[in-house]
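Please read the following report alongside the sequence and the coordinates shown here. It is meant for a reader who wishes to check each statement against the atoms.

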Amino acid sequence: MNNHIKQAGKVLQQISPILDNFIQQDGTPGLLNGYTGCALFYAYYYHLTGKKKYLKQVHTVMLKSIQALSEQQMMLSHCSGISGIAWSIQHLINAGFAEGDGIQDIFEEADEILGSFMDEDLRDNNYDFLHQGLGIAIYFLERLPHPTAVKYLSGVVQQLEKSAVSDAHGIRWKDRFSLTSREEQVRGQSCFNLGLAHGMPAIITILGLIHEKGIEVESTRRLIEGSLQWLLTIQNPPAEGLTSIYPPLVGEANEAINGGQSRLGWCYGDLSVAATLWNTGKRIGQPVYQQAAYTIFEYSIHQRTLKNGSVHDACLCHGSAGIAHIYRRMALDNQDALLLQGADKWLQATLEMNTWQDGLAGYKFFAHPDYQNSYNLLEGITGVGLALIAAVDTQTAPAWDRCLLLS
């Protein structure tokens, strides 16, 4: 393991100057798909190294992002829009990496714009975390205890109560993101998405975070218990060649849509479900859900591989760095040996992927049918860097991963 830490440290030394050039040249300000995410890398790298030049870069990126908010037209989403940028700035202030003096007007304006959009999008049943109204709840969670944040988070719970589908199997919410996809098998029918990026795990996790903050406690608990109950009922039946416990999508009768096999990663798959069970079970004080999550983690550590997990690169979203980080994140509470084993296994896989001579610190990222360079947090080198920092700096909670619903 010590050798892995040394290797990770060397890769981080390569990533930093690459991002220095990127933030000077790139004009895309998104949190997960643009330069704003680099501020998180610099902040936690500063915490690791103590070098003030990285803290200076945090402020450089923040100022560039703030300027973009005032000068550019952009979406409102968490992934690529105003919500994610505002979340990042507020997080850096809350974590002590920056001062909030002089920019409170920005947050006050963002509160009303984002809150109104979130209310409208959730009324239209648009619950996608990355690209629709649900992701904005993360911004308001970071704004607490501001009363405006409390108001809008209460509204999230009330709208989820109205739109929940409830039956003998539990509680769930229909997915409209997949209905707009190109998958003809999905169109024309109700479906339920099992990915943190777009579906039920994100809804449950956000309800858990709201519950933890003491907002709409009775309602959130009822919705959480019902939806976790449903989540435990929809595992794949045993089938030859099937290596995932959960499918990516299910229909009205809880049957898998487009097959039961799912990739291994943050965005979809067994780890997406397990992280939700683990974190939410802890937040509501129900260890039975953490035990269910641990069973999934144990299976995936022993049975899932690069090949059967469809892991083609090292990114956070659906690559090896994201897998390693999930195991490591879940092990923070108890330093569980098995979870740390899984984290080390996938850290090794990540370090073995930096073989591209024309890649960023040796990395390229799969964009079917080819591999390409990517700088961003979700699918690029910024995210790989953040996962490596978390692996090296084992004494610091990687609170940046709240933007991916992992804490």
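The report turns to the domains, then to one helix, and then to aromatic rings and charges.

The model is predicted, and its chain is divided into domain 1 (1-73 + 321-406), domain 2 (75-163) and domain 3 (166-310). The centres of domain 1 and domain 3, taken over C-alpha atoms, are separated by 26 Å, and the contact between these two domains draws on 19 residues from domain 1 and 23 residues from domain 3. The size of an interface is often given as the accessible area lost when the parts come together. For domain 1 and domain 3 the buried area is about 2,000 Å², with 72% of it on carbon and sulfur atoms.

Helix α3 (residues 52-71) comprises 20 residues and spans 29 Å from its first C-alpha to its last, which is close to the 28 Å expected at 1.5 Å a residue. Its buried residues are Y54, L55, Q57, V58, V61, M62, S65, I66 and A68, and the buried residues of α3 pack against α1 (2-25), α2 (36-49), α4 (82-94) and α5 (104-123). An α-helix has 3.6 residues a turn, so residues three or four places apart point the same way.

The count of aromatic pairs comes to twelve, and two tilted pairs, Y45 with Y54 and W356 with Y371, are set out in the table.

| Pair | Centre to centre | Angle between planes |
|---|---|---|
| Y45 and Y54 | 4.6 Å | 45 degrees |
| W356 and Y371 | 5.1 Å | 35 degrees |

How is the accessibility of the rings in these pairs described, as buried or as partly exposed? Y45 has a relative accessible area of 5% and is therefore buried, and Y54, at 7% relative accessibility, likewise counts as buried. In the other pair, W356 is partly exposed with a relative accessible area of 32%, and Y371 is partly exposed with a relative accessible area of 30%. Because W356 lies in the loop between α13 (337-351) and β5 (365-367), while Y371 lies in strand β6 (residues 370-372), this pair ties together parts that are 15 residues apart in sequence.

Y45 and Y54 also belong to a cluster, in which ring pairs link them with F41 and Y42.

Two lysines lie over the faces of tyrosine rings: K64 over Y35, at 4.4 Å from the ring centre, and K151 over Y152, at 4.5 Å from the ring centre.

Notes. Residues are numbered from 1 along each chain as its sequence is written. This is a predicted model: local features need pLDDT of at least 70, side-chain atom pairs count only at pLDDT 80 or more; totals for chains, interfaces and linings use all residues. Side-chain values use heavy atoms; hydrogens and water are left out. Helices (H or I, at least four residues) and strands (E, at least two) are DSSP runs, numbered from the N terminus. The expected span of a helix is 1.5 Å times one less than its number of residues. Buried means under 20% relative accessible area, exposed over 50%, partly exposed in between (1.4 Å probe, protein chains only). Contact means heavy atoms within 4.5 Å. Rings of Phe, Tyr and Trp (its six-membered ring) pair if their centres lie within 6.5 Å; planes under 30 degrees apart count as stacked, over 60 as edge-to-face and the rest as tilted. A charge sits over a ring if NZ of Lys or CZ of Arg is within 6 Å of the ring centre and within 35 degrees of the ring normal. Domain bounds come from an automatic or database domain assignment. Buried area is the accessible area (1.4 Å probe) that two parts lose on being put together, summed over both.
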